[in-house]
Amino acid sequence: MATPSVRLPGAIVTLSDEHRYMHLLLDALDEQLQDADFSKAADYFLIQDIVTYLHEYPDTVHHPTEDLLFEKLLHRNPASSRQVARLRRDHDRLSEDTATILELIDDASKQPSPQAAEGLRIAAGTYTDRLRRHMRFEEAELFPSAVRCLAHKDWQAIEASLGAVEDPLFGAAVARNYRPLYEFFAARTTNLSRRATGFGFLQLDSMIASADALESGVVEMLDMLFRRAESLLREVRNTRATTFAERGLCGTLLVPARLLAFAGRQGFDTAREAAGISFRTFKGAAEPLWKRTS
């Protein structure tokens with residue numbers, strides 16, 4: 001029987017998702033800073049959009065929500081005070097960093113020069129390293145501690161804070177000023193999926209359907225084998241009990257014979273059912289891809 005998975009609080013799931021989004025943005029920022037030619041003001045636009053988002057959403061919604069989590073955690077577990085103090089200092093410093101980088105972008109775009117570009121690269125590199133370390137520490141230390149210590153009403157308050165402001169880039173609706181950044185990631189995703197699958201982004205739904213069919217087939221197969229094994233064990237136990245209850249040589253010899261006959265029938269039925277599950281599974285996994293290519 002499979003071990004039941006632990007259900008994480010919704011706030012932890014959301015905060016972890018936002019960490020993944022920030023990692024995507026930091027990777028894109030690193031690439032832009034490495035590859036862009038900063039001889040023109042236009043070369044700064046995408047970098048500016050990335051840093052603006054990091055300053056406007058994580059610094060004003062994500063990090064304050066984490067601060068609320070830290071406050072609840074301190075109340076439940078005062079021993080975490082040193083770690084919480086460190087992360088709160090990080091939040092203040094990260095907000096200062098994004099504000100400084102936005103000023104450097106503005107200055108460099110108005111007067112492009114190698115010196116301005118290098119100053120921007122150094123400041124942004126320091127910031128991305130700090131933010132990545134910060135997120136890793138939260139996920140490894142503080143989030144697990146919060147899951148262990150916080151009460152239901154604590155999570156309700158934290159989730160209310162998260163839901164107060166919609167994410168302007170990764171939320172349900174993309175804000176107009178983030179449309180260029182959204183289009184950049186949409187095009188990037190399509191190119192990655194095309195290289196990875198030989199198809200385009202629209203074919204990913206077929207791959208997901210195929211994977212779901214395979215997963216369902218495996219679960220059905222394991223469930224069937226588990227049921228058959230339970231049935232065989234019951235028969236073995238019954239046979240053992242019957243052996244001691246039977247009288248006479250003939251009755252005693254018939255008991256294991258019945259067990260062998262039962263095991264043979266079980267083996268045949270198991271093989272037949274396994275073949276049927278395998279056929280249905282592979283058929284279900286192949287059909288979405290056949291429809292795409294036909």
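Biologist: In which helix is the place of Asp154?
Modeller: This is a predicted model, and helices in it are numbered from the N terminus. By that numbering, Asp154 has its place in helix α6.

Biologist: Is Asp154 buried or exposed?
Modeller: A residue is called buried when its relative accessible area is under 20%. Asp154 has 5% relative accessibility, so Asp154 counts as buried.

Biologist: Which residues does Asp154 touch, not counting residues up to four places away in sequence?
Modeller: Let's start with the chain around this spot. The C-alpha atoms of Asp154 and Glu71 are separated by 9.8 Å, although these two are 83 residues apart along the chain. For touching, heavy atoms have to be within 4.5 Å. Once residues up to four places away are set aside, the ones that Asp154 touches are Lys72 and Arg76.

Biologist: What about His19, is it buried or exposed?
Modeller: His19 is found in helix α1. Its relative accessible area is 0%, and the limit for buried is under 20%. His19 is therefore buried.

Biologist: With which residues is His19 in contact, leaving aside its neighbours within four places in sequence?
Modeller: Contact means that heavy atoms lie within 4.5 Å. With the sequence neighbours of His19 left aside, the list reads His62, Glu66, Met135, Glu138, Glu139 and Phe143.

Biologist: Now for charged pairs: how many salt bridges does the structure hold?
Modeller: To count one, a side-chain nitrogen of Lys or Arg must be within 4 Å of a carboxyl oxygen of Asp or Glu. Asp27 and Arg132 fit, as their side chains meet at 2.9 Å, N to O. For the structure, the number of salt bridges is 8.

Biologist: How many residues apart in sequence are the parts that Asp27 and Arg132 tie together?
Modeller: The side chains of Asp27 and Arg132 meet in a salt bridge. Asp27 lies in helix α1 (residues 10–35), while Arg132 lies in helix α5 (residues 114–149). The pair therefore ties together parts whose separation in sequence is 105 residues.

Biologist: Is Arg132 buried or exposed?
Modeller: Its partner Asp27 is partly exposed, with a relative accessible area of 36%. For Arg132 the relative accessible area is 14%, and under 20% means buried. So Arg132 is buried.

Biologist: Which residues do salt bridges that share partners join into one network?
Modeller: Arg132 also forms a salt bridge with Asp30, with the closest N and O atoms 2.8 Å apart. That pair links distant parts of the chain, since Arg132 is in helix α5 and Asp30 in helix α1, 102 residues apart. Asp30 counts as partly exposed at 28% relative accessibility. The network of shared partners is made up of Asp27, Asp30 and Arg132.

Biologist: With which residue does Asp97 form a salt bridge?
Modeller: The closest N and O atoms of this pair are 2.4 Å apart. Asp97 is in helix α4 (residues 81–110) and its partner is in helix α5, 33 residues apart. Asp97 counts as buried at 13% relative accessibility, and the partner counts as buried at 15%. That partner is Arg130.

Biologist: On to the rings: how many aromatic pairs are there?
Modeller: Rings of Phe, Tyr and Trp pair if their centres lie within 6.5 Å. By this rule, the count of aromatic pairs is 6.

Biologist: Is the pair of Tyr21 and Phe170 stacked or edge-to-face?
Modeller: The two rings are 4.2 Å apart, centre to centre, with 10 degrees between the planes. Planes under 30 degrees apart count as stacked, and those over 60 as edge-to-face. The pair of Tyr21 and Phe170 is therefore stacked.

Biologist: Which residues do ring pairs link into a cluster?
Modeller: Tyr53 and Tyr57 form a stacked pair, 5.9 Å centre to centre. Tyr53 counts as buried at 2% relative accessibility, and Tyr57 counts as buried at 5%. Linked into the cluster are Tyr21, Tyr53, Tyr57, Phe170, Tyr178, Phe184 and Phe185.

Biologist: Last one: is Leu222 buried or exposed?
Modeller: Leu222 lies in helix α8 (residues 204–245). Together with Val218 and Leu225, Leu222 makes a nonpolar surface patch of about 270 Å². Its relative accessibility is 54%, and over 50% means that a residue counts as exposed. So the word for Leu222 is exposed.

Note on methods. Residues numbered from 1 in each chain as written. Predicted model: local features only at pLDDT ≥ 70, side-chain atom pairs only at ≥ 80, totals over all residues. Heavy atoms only, no water. Patch = residues over 30% accessible without salt bridge, like charges linked within 9 Å, V, L, I, M, F, W, Y side chains within 5 Å. Areas by Shrake-Rupley, 256 points an atom, 1.4 Å probe, with all protein chains shown as cover. Helix = DSSP H or I, 4+ residues; strand = E, 2+ residues; numbered from the N terminus. Buried < 20%, exposed > 50% of the residue type's maximum accessible area, 1.4 Å probe, protein only.
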